[in-house]
Amino acid sequence: MSDSMSLSKVCWLSTVLPGYGQVYNKQYWKLPILYGTVGTGLALFINENRKFKPLKRAYDAYTDVSLSRTPELDALQTKMIRSNTRRQLYLGITIASYIYFIGDAAVNYSTNDVSNVKKATTLACIFPGAGRSTTEATGRCRSSSADSPR
């Protein structure tokens, strides 16, 4: 791998090939964590999706016959809502961990010719607002409000 690869190229490749940024930055120990979190999240989502679909079909069949509220319908709807909530939670955690590792590749990018401002800008594209807090914490970049006269 070339040391002159741009930060944006590393991030884009890390998007397509999960873990590429960690391999590029020689942080191999993070790969099991990445694949463990993403794999577990996907497995939980797929499992919960298999439970949700029959509940949804049963709910649709029940409401096609009658729209009146019954204890059976309420119980079925409660199960369906809980299953859907878990399903969305698992998918959200999976996506968040995937995006986290893309940001991790940007933050730990080790080429010397990349300024902290460029890292913060790339990080802000991945996590809106994160670039500003990164530059404020290091004190290396002033915000535009600090540049204007008061």
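1. In this predicted model, D74 has a relative accessible area of 33%, and because that value lies between the 20% limit for buried and the 50% limit for exposed, D74 counts as partly exposed. The side chain of D74 meets that of R69 in a salt bridge, with a distance of 2.3 Å from N to O. As a general background to such pairs, side chains of opposite charge can pair when their charged atoms come close.

2. The R69 and D74 pair belongs to a set, for the count of salt bridges comes to 4. One of them joins K30 and D104, whose side chains meet at 2.9 Å, N to O. This pair links distant parts of the chain, since K30 sits in the loop between α2 (20-24) and α3 while D104 sits in helix α4, 74 residues apart. A student looking at this pair should also note that both K30 and D104 are buried.

3. Another salt bridge is formed by the side chains of K56 and D60, at 3.4 Å from N to O. Where do K56 and D60 lie with respect to each other? They are 4 residues apart in helix α3, and therefore they are separated by about one helical turn. K56 has a relative accessibility of 33% and so counts as partly exposed, and D60, with a relative accessible area of 29%, is also partly exposed.

4. Turning to the chain as a whole, its secondary structure comes to 7 helices and 0 strands, and the order of elements from the N terminus on is α-α-α-α-α-α-α. The chain has 150 residues, of which 33% count as buried. Among contacts between residues at least 6 apart in sequence, 58% join residues at least 24 apart.

5. S14, which lies in helix α1 (residues 7-16), gives a local example of such a link across the sequence. Is S14 buried or exposed? At 2% relative accessibility, which is under the 20% limit, S14 counts as buried. Leaving aside residues up to four places away in sequence, S14 touches G19, Y20, G21, Q22, Y98, F101, I102 and A105. With one of these partners, A105, the separation is 91 residues in sequence but 7.6 Å in space, taken from C-alpha to C-alpha.

6. Which residues make up the largest nonpolar core? It has 9 residues, namely M5, L7, V10, C11, Y20, Y24, I102, A106 and Y109. Helices α1, α2 and α4 each supply at least two residues of this core, and α1 gives the most, with 3 residues. A second, separate core has 6 residues, among them L55, L73, L76 and M80. In soluble globular proteins, nonpolar side chains tend to be buried together.

7. The surface deserves its own remark, because nonpolar residues appear there as well: L42, I46, L91 and I95 make a nonpolar surface patch of about 310 Å². The elements that give two or more residues to this patch are α3 (31-65) and α4 (71-107). I46, whose place is in helix α3, has a relative accessible area of 42% and is therefore partly exposed. For the chain overall, the accessible surface comes to about 9800 Å², of which 61% belongs to carbon and sulfur atoms.

Note on methods. Residues are numbered from 1 along each chain as its sequence is written. This is a predicted model: local features need pLDDT of at least 70, side-chain atom pairs count only at pLDDT 80 or more; totals for chains, interfaces and linings use all residues. Side-chain values use heavy atoms; hydrogens and water are left out. Buried means under 20% relative accessible area, exposed over 50%, partly exposed in between (1.4 Å probe, protein chains only). Contact means heavy atoms within 4.5 Å. Accessible areas come from the Shrake-Rupley method with a 1.4 Å probe; for residues, only the protein chains shown count as cover. Patches are made of residues with over 30% relative accessible area and no salt bridge: like charges are joined within 9 Å, nonpolar side chains (Val, Leu, Ile, Met, Phe, Trp, Tyr) within 5 Å. A nonpolar core is a set of buried Ala, Val, Leu, Ile, Met, Phe, Trp, Tyr and Cys residues joined through side-chain atoms within 4.5 Å.
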